[in-house]
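Could you walk me through this structure, beginning with the ligand and moving on to the cores and the salt bridges? I would like an explanation that I can follow with the model open beside me.

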Amino acid sequence: MTVFKKIIDRQIPADIVFEDAECLAFRDIQPQAPTHLLVIPKREIRSLAESQPSDSALLGHLLRVAAELATRLGLDNGYRVVINTGADGGQSVDHLHLHLLGGRPLRWPPG
Ligand code: 5GP
């Protein structure tokens, strides 16, 4: 079981900022920016690479939740949404998640 599944099941604590029937958003334990949230589906999908065409509505919902939270949290100057995928993508938790980063200028390209 991944650490994110444990957060969904309330087996370990997290600073949860949003929840609905499909997803959960909480603060990253090692924030890389003043605002750093993770938006995850409640359904276990290991990565973007392993998502299916039938997950399209859910993936769109996660993006819309990220945008709504960015507005709610006042990221009016912009923000970044990142989905690290697989080993080369730097994915460390095998449960699909969107990073929502903001509150400072973000450089490009990432490392
Ligand atoms: P990845 O590297 O897979 O794209 O991102 C995983 C993220 O999950 C990392 O930014 C890491 O800090 C975060 N993370 C790992 N374990 C925990 C945890 O127990 N609680 C929270 N809130 N974040 C976690």
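In this predicted model, a backbone N or O atom of Gly90 sits 3.1 Å from an oxygen atom of the ligand. Of the ligand's 520 Å² of surface when taken alone, the protein buries 83%. Two further polar contacts are worth finding on your screen. The side chain of Asn84 places an N or O atom 2.8 Å from a ligand oxygen, while at Arg27 a backbone N or O atom lies 2.9 Å from a ligand nitrogen. In total, 16 residues surround the ligand, and the closest are Asp28, Asn84, Ser92, His97 and His99.

Now turn to the nonpolar interior. The largest nonpolar core has 16 residues, and Val39, Leu62, Val65, Leu69, Leu96, Leu98 and Leu100 have the most contacts inside it. Two or more residues come from each of β2 (23-27), β3 (35-41), α2 (56-72) and β5 (98-102). Helix α2 gives the most, with seven residues. Val39 is a good place to center your view: leaving aside residues up to four places away in sequence, Val39 touches Leu24, Ala25, Leu62, Val65, Ala66, Leu69, Leu96, His97 and Leu98. There is also a second, separate core of eight residues, including Ile7, Phe26, Leu38 and Ile40.

Next come the charged side chains. Side chains of opposite charge can pair when their charged atoms come close. The structure holds eight salt bridges, and a few of them show how such pairs are placed along the chain. Arg46 pairs with Asp94, with the closest N and O atoms 3.3 Å apart. Arg46 belongs to the loop between β3 and α2, and Asp94 to the loop between α3 (86-89) and β5, so this salt bridge ties together parts that are 48 residues apart in sequence. Arg46 is partly exposed, with a relative accessible area of 46%, and Asp94 is also partly exposed, at 38%.

Another pair lies within one helix. Glu68 and Arg64 meet in a salt bridge at 2.8 Å, N to O. These two residues are separated by about one helical turn because they are four residues apart in α2. Glu68 has a relative accessible area of 46% and Arg64 one of 48%, so each counts as partly exposed. Elsewhere, salt bridges with shared partners join Arg10, Glu19 and Lys42 into one network.

One more pair rounds off the tour: the side chains of Asp9 and Lys5 form a salt bridge at 3.4 Å, N to O. Asp9 is partly exposed, with a relative accessibility of 34%.

Methods:
Residues are numbered from 1 along each chain as its sequence is written. This is a predicted model: local features need pLDDT of at least 70, side-chain atom pairs count only at pLDDT 80 or more; totals for chains, interfaces and linings use all residues. Side-chain values use heavy atoms; hydrogens and water are left out. A nonpolar core is a set of buried Ala, Val, Leu, Ile, Met, Phe, Trp, Tyr and Cys residues joined through side-chain atoms within 4.5 Å. Buried means under 20% relative accessible area, exposed over 50%, partly exposed in between (1.4 Å probe, protein chains only). Contact means heavy atoms within 4.5 Å. A residue is near a molecule or strand if one of its heavy atoms lies within 4 Å of it. A polar contact is a pair of N or O atoms within 3.5 Å; within protein, one must be able to donate a hydrogen and the other to accept it, and residues adjacent in sequence count only if both atoms are side-chain atoms. Accessible areas come from the Shrake-Rupley method with a 1.4 Å probe; for residues, only the protein chains shown count as cover. A salt bridge is a side-chain nitrogen of Lys or Arg within 4 Å of a carboxyl oxygen of Asp or Glu.
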